[in-house]
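Here is a colleague's note to read alongside the model, written for someone meeting such a structure early in their studies. Please keep the sequence and the 3D view open while going through the points.

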Number of protein chains: 2
Amino acid sequence: MDMLWSGWGDPAKAAPLPDTVIGLLRDLLGVTPREDGPAALDEIAVPESTLTAAAHRALAGCLGGSAYVRTDAESRIRHTRGKSTPDLLRIRAGDVDDIPAAVLLPAGHDEVLAVLRVCTEHQLAVVPFGGGTSVVGGLAPERSRFVALDLRRMDALLDVDEVSRTATLQPGLRAPQAEALLNARGFTLGHFPQSYEWATIGGFAAARSSGQASAGYGRFDEMVLGLTVATPEGTWETGRAPRSAAGPDLRQLVLGSEGAFGVITSVTVRVRPLPATRVYEGWRFPSFEAGTRALRALAQDGPRPTVLRLSDETETFIGLAHPDRIGGTDGAAPAGCMAVVGYEGTEADTALRRAGAREVLLAAGGEYAGEEPGERWARGRYDAPYLRDALLDAGAFAETLETAAFWSRLPGLYAAVREALTSALTDAGTPPLVMCHISHVYENGASLYFTVVSAQGDDPVAHWEPAKHAANEAITAAGGTISHHHGVGTDHRDWFAREAGPLGVRALRAVKAGLDPAGILNPGILIPLP
Amino acid sequence: MDMLWSGWGDPAKAAPLPDTVIGLLRDLLGVTPREDGPAALDEIAVPESTLTAAAHRALAGCLGGSAYVRTDAESRIRHTRGKSTPDLLRIRAGDVDDIPAAVLLPAGHDEVLAVLRVCTEHQLAVVPFGGGTSVVGGLAPERSRFVALDLRRMDALLDVDEVSRTATLQPGLRAPQAEALLNARGFTLGHFPQSYEWATIGGFAAARSSGQASAGYGRFDEMVLGLTVATPEGTWETGRAPRSAAGPDLRQLVLGSEGAFGVITSVTVRVRPLPATRVYEGWRFPSFEAGTRALRALAQDGPRPTVLRLSDETETFIGLAHPDRIGGTDGAAPAGCMAVVGYEGTEADTALRRAGAREVLLAAGGEYAGEEPGERWARGRYDAPYLRDALLDAGAFAETLETAAFWSRLPGLYAAVREALTSALTDAGTPPLVMCHISHVYENGASLYFTVVSAQGDDPVAHWEPAKHAANEAITAAGGTISHHHGVGTDHRDWFAREAGPLGVRALRAVKAGLDPAGILNPGILIPLP
C-alpha cells in the first residue's frame, strides 16, 4: 500500500477533527477553516521528465527492464520531498518543483552499484528513498535533475544469528515488516519511532533514528553492528565485531550520513528476545521540572524503564494526540505533567524494574495514575501525523521540532525554544500553542520534542520560516544539538555546519569527495555544497 | 615518577621470578637464563638530535622557554617506542633507532596548536605522547625526524557537571590522578585497564581503550561525550549532546584516530557516583565453553556484573598473574576454568545483581568459588606487566594480543588463534604456552585476550614476528577484529587496512588530508602512508 501522497499514512485512517476542536482552535488560536483542500493528484501540473533516452536505457539495463525506471507523473509525485509540514503544504498546493526525473527500483546491492555508475556517467544526482518520511528536507537535493532510488524491492531478512542475537536486514524493509519477520524467529528489534508504520531500516540507519522505547532498546545507531554501503566508488563494508579498537568506528560515519556517502544496502542489527510482558502506565508530576528530575533519577541510577516520556504542562493539558479529549472535555482540566512509563521484558524482569522505578518515581513526587494513560498513549502512539493532516485540513498549522542536550542545559534550552517559537509566531500575528515532551533519556541528558499549533497565516510556508529559524538559533545558542532524531537534511544544514564546526564539515566533505567524487549522492543534503 | 625506561612501571616494584618458576619454565618450555641484562641507560649510544636550531627556537617560543623542548638523551630514550614486548626487547638491547629528535612539553591547547604550526613549517613529524604505554607500535612513526609531544603538563580536571554527571579532563592526566580528582568530588570514571597506573586520558580516547570493568562502566569510547582536538588546521570541537542525529557522530571519528588527525586536548566524559560497595568473586566452570555460555547469558539477559572475565583451562591452570601460585604449588592442580565476577555500586543494587547473576551462573553449570579468587585477581590486576619484565629477565618470551568477535564466531576464533600461535612458535623451535581469557562482554559478542610464553629463541624480536603475523592472519580469517582494545599503531596497520577495506582507508586518508595536509601527525600510524 502506498502512503497518502499529500499527507500521512493510510488514506483510510484519515479522520477530520470533531467540531468541538475546530471551535477551540478558532477561539484559542484564531484558526479559520480553509476554503481550498489539497489539489487532486491528477490535476497537478508535472513537468516532463528530464531523464535522457540514453540514461533511461542505461538505467533500465542496470535494473533488468524499464519497468523499474518509472517516469510517470504519479510515481514521481509520490517521491517528491518528504513529510515535514512545509513539504505537505507545498505538495497540497500542487507545488512539485522538487520532483525527481525518475524513480528507480533496484532489486539488490549490485543493481545499486550499477545505477550509481550510470548516474555518475550521466551526471544524474541520486536521492536514496526508503519510506519517504523525512521531516527535514532530506529528499529534496540542491540539483534540478535527479532520480529517486526507491529501495522497496530490497526487503528481505537476510540472516538471523541466534547465538549472537544479530539479524541482517535489507534497507527497504519497513519497520513493521522487519518486526514481523523477526517476531516469527522469536526476536524483536525494539525500534518504534513515530514513523514506524512507514519508515524503513535503511532510513533509520541513514538518519540515526531513535524510537519511543529507546530507554530500553537504545537508539537505532546503538543497535547497528554492521553496514554494507554501495558507493559510486564500490562497496564499503563495516562491522566485524560488536566493539573494536581497530581505528575510528567507521559504522558511525555511515550512520547519519543521510545518503550523502553511499546507499546503505544491508544493516546488521542487534535483536532481543520478544518480550513476554508489556505494560505502560501513567505518572503525574506537579511540574515539568519535577517530572524532569524524576526522569533524570531513573536515567542515571535506574532501574531503567523501556519507555520513559514526560509531557510539559501545555502538552498534558491539551493531550494533543487524542482529539476526542483535547481541552479536557469532561470539564476537569488535568493539572501538572503526565509521564508515560513503560516496561517490556520477561515477567520477572519487568516486575522487578517496575517495583524499583515506582519507588524512585514516588520519591521524586510522582503520583501513580494507573495504566489507563499509558495504554492510551500506546494505542495512539503512531497517530499524531494523522492528526496533523486533520489540523491542516481545518486551516491550522502544526509542526514539530526536536533537540537534545546535557541535563544541566535542559531547562534553559526548553525556555529558550518555547520563547523563540512563541515570539516569532506571535510577531507574525498567529500566536501559537507550544507543547513539549521529553521522550528519550540518557545518563547525561535528554531530548526535547516540541509541537507547535497556530493559525496558518496568509502564506503558511512563509509563515513558518522565521519561527523555525528562531527555534534553530535558540537551540544553537542554548547548547542543544540541532537534531536528536529527525536528522539534518537541508532544513538543518546550516546549523549542523555550525555545530560540526569548519573542521568537522571539512572532514565530512573530504569523506564525501573520496567516496562520491562526482558529487551525485544527495547533493546539498547534510553538508553544504562546496 | 617516571616509568622504568626499559620495562614496565615503578622500578621499585620489580620482582624477580622465584626459582621454582624458573625451574618450571626450563622444564616446560626450555627457557634458559640469559647472561645479559638490559643495557644501562647511560651506556646507550644516542644519536645527536636532528632538531635544527631554527626549529628549536621556534618551538621554545611556542612553549614559553627551552626548558620545555628537551633534547637530552634520557628524555629522548624515555620517549622511544612503547611497551610491547618487541619494544622492550629492542630498548633493552640499546636499540634506539626510533628515537625522537626532541620531547616537547606543552602547557595547554593553544601551545599545542602553536607547536603544530611550527612543526608543519619545519616539516617535523609529531607523535602525541601520553603514558607511553602503546603495545602496538603507536609511538614509532615511519619518519626518521620527529618530536614526541608529551602531554603530562596538561593534567587538570577542568570541569565537573554534577547534574549531567560529566567531567572535562585534560589529556595528560594519568588514570589514577583523574580517578583521585573525581573521587574527591564523589564520582568515578570507572575505567581500569591493565595500563591504568600509567596510561592517560588522552591515550584512552585516542586508542579506544577498554577497562577491566567494562561490563559495568562501558568502554572508554562509550564514556566520551565531547572532545577538543588541536589540528594543524585549527581547533576541532565535538559533542553538544549525549546523543544526536545531527550527522555522523564525529566523536567516533576522533576516538581511535591514534593521533593521526590531531592532538586531543580535552575530553568530556560520563562519570558515575563512587560505588559504596565492591565485591569480586570466583566461579569455576567445567570448561571454557561452559564458562563462555554463562558469560553470554549474563551479557545478553543480565543481570550484568561490573567485572566479568573467564580464563581458559591453560590460564586457569597457570594462574599467570600470581607467580607464587604458578603450577598449583600446593600439588592440587585446579581443573576447569575460573571466572572472576565483580559487582560495584550501591549496596542494594550490588546485592540484587549479585543474587540474580548467581542464579544464572549456577544454572549454567558454575560452581561458586568464594571471594578469595576474586579478591586475589583484584589485588594483582595491574601486575602482569611486571611479571613480563621478570620473565624477560629470566630468558623467557612473553607477549599478549587480543581480538573480539560476535558470539557465534568466538569458538572458531579461539581455536584458530591458539593453533596459529602454537604452530608458528613450535615451528620456530620454541613451543609456547598459550593462555586466553574473555575480559569484555557485549550482548552480541566478546573479546579474547591471549598471553603467550615461550623460550626467546636466538633473536627474540625476529622469533616473535612470524607468530604475531600468523595470529593476525588467523584473527582476520576467523572473522575477528584485529584489536579489541590495544589499537592499530603500526603493528596492526596492514590488517586494519584489510578490515576497514579500501573505501574505509580512503575515507580515513581523506579526513587526515583535510586536517593535517602536511602529514606531520603520526605518519604511518593507523593508516598506511599514501
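The numbered points below go from the overall fold to the pairing of the chains, and then to aromatic rings and cysteines.

1. Please bear in mind from the start that this is a predicted model, and that every value below is computed from it. The secondary structure of chain A comprises 18 helices together with 18 strands. Its radius of gyration is 23 Å, close to the 24 Å that the globule rule gives for 530 residues, so chain A is as compact as a globular protein of that length.

2. The C-alpha trace of chain A spans about 65 × 60 × 45 Å along its principal axes, and 63% of the 530 residues in this chain are buried. If one takes the contacts in chain A between residues at least 6 apart in sequence, 74% of them join residues at least 24 apart.

3. How are the two chains related to each other? Chain B is superposed on chain A by a rotation of 180° with 0.0 Å of shift along the axis, and the RMSD is 0.0 Å. This is the relation of a two-fold axis. The same surface serves both copies, since 100% of the contact residues of chain B recur in chain A. Within chain B, the residue that comes closest to the rotation axis is Ala510(B), whose C-alpha lies at 2.6 Å.

4. The count of aromatic pairs over all chains is 18. In one of them, the rings of Phe192(B) and Tyr196(B) have centres 5.4 Å apart and planes at 55°, so this pair is tilted; both Phe192(B) and Tyr196(B) are buried. In chain A, ring pairs link Phe192(A), Tyr196(A), Tyr217(A) and Tyr382(A) into a cluster.

5. Charged side chains also meet aromatic rings in this model, as two examples show. The charged end of Arg153(B) sits over the ring of Tyr68(B), 3.4 Å from the ring centre, and that of Arg358(A) sits over the ring of Tyr368(A), 5.5 Å from the centre of that ring.

6. How many disulfides does a search of the whole structure find? The search finds zero over all chains. For Cys62(A), the nearest cysteine sulfur is that of Cys119(A), 7.7 Å away, whereas a disulfide requires the sulfur atoms to be within 2.5 Å, so Cys62(A) is in none. Cys337(A) is likewise in no disulfide, and the nearest cysteine sulfur, that of Cys436(A), is 9.9 Å away.

7. Are these two cysteines buried or exposed? Cys62(A) is buried, with a relative accessible area of 14%, and Cys337(A) is buried too, with a relative accessible area of 0%.

Definitions and conventions:
Residues numbered from 1 in each chain as written. Chains lettered and ligands numbered in written order. Predicted model: local features only at pLDDT ≥ 70, side-chain atom pairs only at ≥ 80, totals over all residues. Heavy atoms only, no water. Buried < 20%, exposed > 50% of the residue type's maximum accessible area, 1.4 Å probe, protein only. Least-squares fit on C-alpha atoms with pLDDT ≥ 70 in both. Contact = heavy atoms within 4.5 Å. Phe/Tyr/Trp six-rings, centres within 6.5 Å; stacked < 30°, edge-to-face > 60°. Lys NZ or Arg CZ within 6 Å of the ring centre and 35° of its normal. Helix = DSSP H or I, 4+ residues; strand = E, 2+ residues; numbered from the N terminus. Rg over C-alpha atoms; globule rule 2.2 N^0.38 Å.
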